[in-house]
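Q: Please give a close reading of one part of this structure, and then follow its connections outward. I should like each step of the reasoning to be explained in a way that a first-year student can follow.

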Amino acid sequence: MPDNGDWIETCNAQDVGREDVKRWDHGDRSFAIFRTADDRYYVTDDICTHEYAHISDGFVEGTTVECPRHAGCFDFCTGEALNPPVCVNLRTFPAKVEDGLVYIRLADD
């Protein structure tokens, strides 16, 4: 990933458990930071695309997160909506870990 200087520090990498998710708020937005079993980090919007619910309150299994409100699932690596009632993908953001800190890039596409 090119470093355009628009990376934002979010949290310590160890603050996100393996196969878990952590909510991170920035300004008026919420993001979900995921960590896989093999220590890869992914970031998505934290609000479900079906109905207002924080994805970070959901159940994580493998690379899937289940929304706590209506059990719709997303692949958090790609943001893909996997089953009804969700049908709109989650927005994803580039993530990297440097010196034990998780960074995300919020620049517009």
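A: D39 is found in the loop between β3 and β4. The model discussed here is predicted. The backbone of D39 deserves attention, since its phi is positive, at about 65°, although D39 is not a glycine. As a general rule, most residues other than glycine have a negative phi. D39 has a relative accessible area of 33%, and it therefore counts as partly exposed.

The loop between β3 (29–35) and β4 (41–45) also holds T36. T36 has a relative accessibility of 3%, so it is classed as buried, the limit being 20%. The side chain of T36 makes a polar contact of 2.5 Å with the side chain of D38. If neighbours within four places in sequence are set aside, the residues in contact with T36 are R18, E19, Y42, T63 and F76.

The strands on either side of this loop come next. β3 and β4 run antiparallel and are joined by five bridges. Within this pair, I33 of β3 stands opposite V43 in β4. Both strands belong to an open sheet of four strands, ordered β2-β3-β4-β8, with antiparallel pairing. The edges of this sheet are formed by β2 (20–26) and β8 (92–93); each has a single partner strand, so one side of each is left without a neighbour in the sheet.

Aromatic rings provide a further connection from this region. The count of aromatic pairs comes to four. One of them is formed by F34 and F76: the ring centres are 4.2 Å apart and the planes meet at 5°, under the limit of 30 degrees, so the pair is stacked. This pair links distant parts of the chain, because F34 is in strand β3 while F76 is in the loop between β7 (73–75) and β8, and 42 residues separate them. F34 has a relative accessible area of 0% and is therefore buried. F76 likewise has a relative accessibility of 0%, so it counts as buried. F76 has already appeared among the contacts of T36. Ring pairs also link W24, F31 and F93 into a cluster.

The loop between β7 and β8 contains P85 as well. The peptide bond from P84 to P85 is cis, with omega near 10°. In general, most peptide bonds are trans.

A positive phi is also found at D99, which is not a glycine; here the value is near 50°. D99 lies in the loop between β9 and β10. These two strands form a hairpin with two residues between them. D99 has a relative accessible area of 81%, which is over 50%, so this residue is exposed. D39, by comparison of class, is partly exposed.

The strands of that hairpin can be described in turn. Strand β9 (residues 95–98) pairs with β10 in the antiparallel sense over four bridges, and E98 stands opposite L101 in β10. Strand β1 (residues 7–12) also pairs with β10, again in the antiparallel sense, over five bridges. In that pairing, N12 stands opposite L101. In a regular strand the side chains alternate between the two faces of the sheet. In β10, L101, Y103 and R105 point one way, whereas V102 and I104 point the other way. Five of the five residues of β10 (residues 101–105) are buried, which means that the strand is largely enclosed by the rest of the structure.

The cysteines complete the description. The structure holds zero disulfides. C67 takes part in no disulfide, and the nearest cysteine sulfur, that of C48, is 3.7 Å away. C67 is buried because its relative accessibility is 3%. For C73, the closest cysteine sulfur is that of C67, at 9.0 Å, which is too far for a bond. C73 has a relative accessibility of 15%, so it too counts as buried.

How values were computed
Residues are numbered from 1 along each chain as its sequence is written. This is a predicted model: local features need pLDDT of at least 70, side-chain atom pairs count only at pLDDT 80 or more; totals for chains, interfaces and linings use all residues. Side-chain values use heavy atoms; hydrogens and water are left out. Buried means under 20% relative accessible area, exposed over 50%, partly exposed in between (1.4 Å probe, protein chains only). A polar contact is a pair of N or O atoms within 3.5 Å; within protein, one must be able to donate a hydrogen and the other to accept it, and residues adjacent in sequence count only if both atoms are side-chain atoms. Contact means heavy atoms within 4.5 Å. Two strands pair if DSSP finds at least two bridges between them. A disulfide is a pair of cysteine sulfur atoms within 2.5 Å. Rings of Phe, Tyr and Trp (its six-membered ring) pair if their centres lie within 6.5 Å; planes under 30 degrees apart count as stacked, over 60 as edge-to-face and the rest as tilted.
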